Each structure stands twice: as structure tokens, then as C-alpha cells.
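Reader: I would like a close look at one charged pair and what surrounds it. Please take the pair apart residue by residue, then place it in the rest of the fold.

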Amino acid sequence: MPKAIGLILAVLFAVAAAVLWTLFAQFGPTIKSAIETEGALATQTQVLVGRVELSPLTGVGVLDGLTLGNPAGFSSPYAMVVDRIALQLERGSLLGGGPIIVESATVIAPQITYTAKSPKATSNLETIKNTAQAYSATPAATRASSRARKLIIHELTVMGGSISLDIPLPGGALT
């Protein structure tokens, strides 16, 4: 009898471990899909993510290859490309429906393209910001995806990176 109970417990433990492993393995692709879908809806641009890894046990994660496209009417292929974002999340905030708490986020090597048709015209980044603000002001129940959770970032660090300006100046090039 004790051997049977031990065997049953071992089998239950193995099944629970397999289920947890499957859930954790799906965590990254689920987050990747959510970022791409919600990001595209919020910004009305193409949002791509190369890879997401997140450990719900430690709260440590990385997001590799984030690309934010440009709105319609802007010629450069992207507004921003980020090689990597290193994250430390509050583990308890991952579960439930409340905001996800990011203790620290380190953005590594962002490449930002600021473009406008003239010095006084609305830029690509202003257009994206305005679109995202309008999207966030829309009641969640009327959005295409109302399951998005808020994100609170306590500490944000940007390392390296570059900014490209694409603004035609009146009268031609600078001398």
C-alpha cells in the first residue's frame, strides 16, 4: 500500500511538472504575441518582437529584437529598433488581472528614427504617441482586445543607442 501511494504521488508530481513546464514554455510566445497584437492596435504601426523569455519563478526576462514600424505616410521603414530589453518583474504581479509591475527595465542599443516632412510638421514619433494616447483613452470594453493589462515601470535605463533625424530643411543643406 505505501508503495502504491508513493507511485501515485510520483506520477501526479510528474504530470504536474509536465503541465508547469508546458505553461512556462508558452509564457514567452504568449507575451510576444500580446506585444505584437496590442502594440499594433495601439500605435497603428507594425510591431515585431524577435524573442521573449520570462521566468515566472524569478521574474527575470528579456525581450530581443523589438521593432516599431512607422505610421502611414512616413518613408523610413521603422521608428525604433531595440536589440534587447532586460527586465526584472515583480513575480506576484504576473498572476491575476492587475497591473504588471516592472521593477527595472534596461533598454539596450535602441535605434530611433525621428522623421517629419518639415520642421513644423508632426513627426512620426508624435503621430505614434498621439495614436497610442487615443487608443488608451478608449474604454477597454470597446477595444478589439480588452484583456490587455497595464504596465508600471519603476526604473528605466537606456544604454547606448542612436537617433537619426530625417527632416528636410528649408533652403537645402546646412553649411
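Author: In this predicted model, the side chains of Arg84 and Asp64 meet in a salt bridge, with N and O 2.6 Å apart. The pair links distant parts of the chain, since Arg84 belongs to strand β3 and Asp64 to strand β2, 20 residues apart. The two partners fall into separate accessibility classes. Asp64 has a relative accessible area of 13%, so this residue is buried. Arg84 has 31% and therefore counts as partly exposed. The cut-off between these classes is 20% relative accessible area.

The pair does not stand alone: salt bridges that share partners join Arg51, Glu53, Asp64 and Arg84 into one network. Within this network, Glu53 forms a salt bridge with Arg51, and their closest N and O atoms are 2.0 Å apart. Glu53 is partly exposed because its relative accessibility is 44%. Arg51 is also partly exposed, at 32%. In general, side chains of opposite charge can pair when their charged atoms come close.

The structure holds four salt bridges. One of them joins Lys32 to Glu36, where the closest N and O atoms are 3.1 Å apart. Both of these residues lie in helix α1, which covers residues 2–43, and they are four residues apart, about one turn of the helix. Lys32 has a relative accessibility of 24% and so counts as partly exposed.

The strands that carry Arg84 and Asp64 are themselves paired: β2 and β3 run antiparallel over nine bridges. In that pairing, Gly69 stands opposite Tyr78 of β3. Strand β3 is also joined to β4, again antiparallel and by nine bridges, and there Met80 faces Ile112 of β4.

Strands β2 and β3 also supply the nonpolar core. The largest such core has 17 residues, and Leu63, Leu66, Ile85 and Leu89 have the most contacts inside it. The elements giving two or more residues to this core are β1 (47–54), β2 (60–69), β3 (78–89) and β4 (100–115). Leu66 shows how the contacts run: leaving out residues up to four places away in sequence, it touches Ile35, Val47, Leu48, Val49, Met80, Val81, Val82 and Ile85. In soluble globular proteins, nonpolar side chains tend to be buried together.

Strand β4 also holds Thr113, which counts as buried because its relative accessibility is 10%. Beyond its neighbours within four places in sequence, Thr113 is in contact with Ser76, Tyr78, Ala79, Asn124, Leu125 and Ser164.

Two further sites lie on the outside. Gly96 sits in the loop between β3 and β4 and is exposed, since its relative accessible area is 58%. The C-alpha atoms of Gly96 and Arg149 are separated by 9.8 Å, although the two residues are 53 apart along the chain. Leu151, in strand β5 (residues 151–159), is likewise exposed because its relative accessibility is 54%. Together with Ile153, Leu156 and Val158, Leu151 forms a nonpolar surface patch of about 390 Å² of accessible area.

As for the chain as a whole, it has two helices and six strands, in the order α-β-β-β-β-α-β-β. Buried residues make up 25% of its 175 residues. Of the contacts between residues at least 6 apart in sequence, 58% join residues at least 24 apart.

Terms used:
Residues numbered from 1 in each chain as written. Predicted model: local features only at pLDDT ≥ 70, side-chain atom pairs only at ≥ 80, totals over all residues. Heavy atoms only, no water. Core = buried A, V, L, I, M, F, W, Y, C linked by side-chain atoms within 4.5 Å. Buried < 20%, exposed > 50% of the residue type's maximum accessible area, 1.4 Å probe, protein only. Contact = heavy atoms within 4.5 Å. Patch = residues over 30% accessible without salt bridge, like charges linked within 9 Å, V, L, I, M, F, W, Y side chains within 5 Å. Areas by Shrake-Rupley, 256 points an atom, 1.4 Å probe, with all protein chains shown as cover. Pairing = 2+ DSSP bridges.
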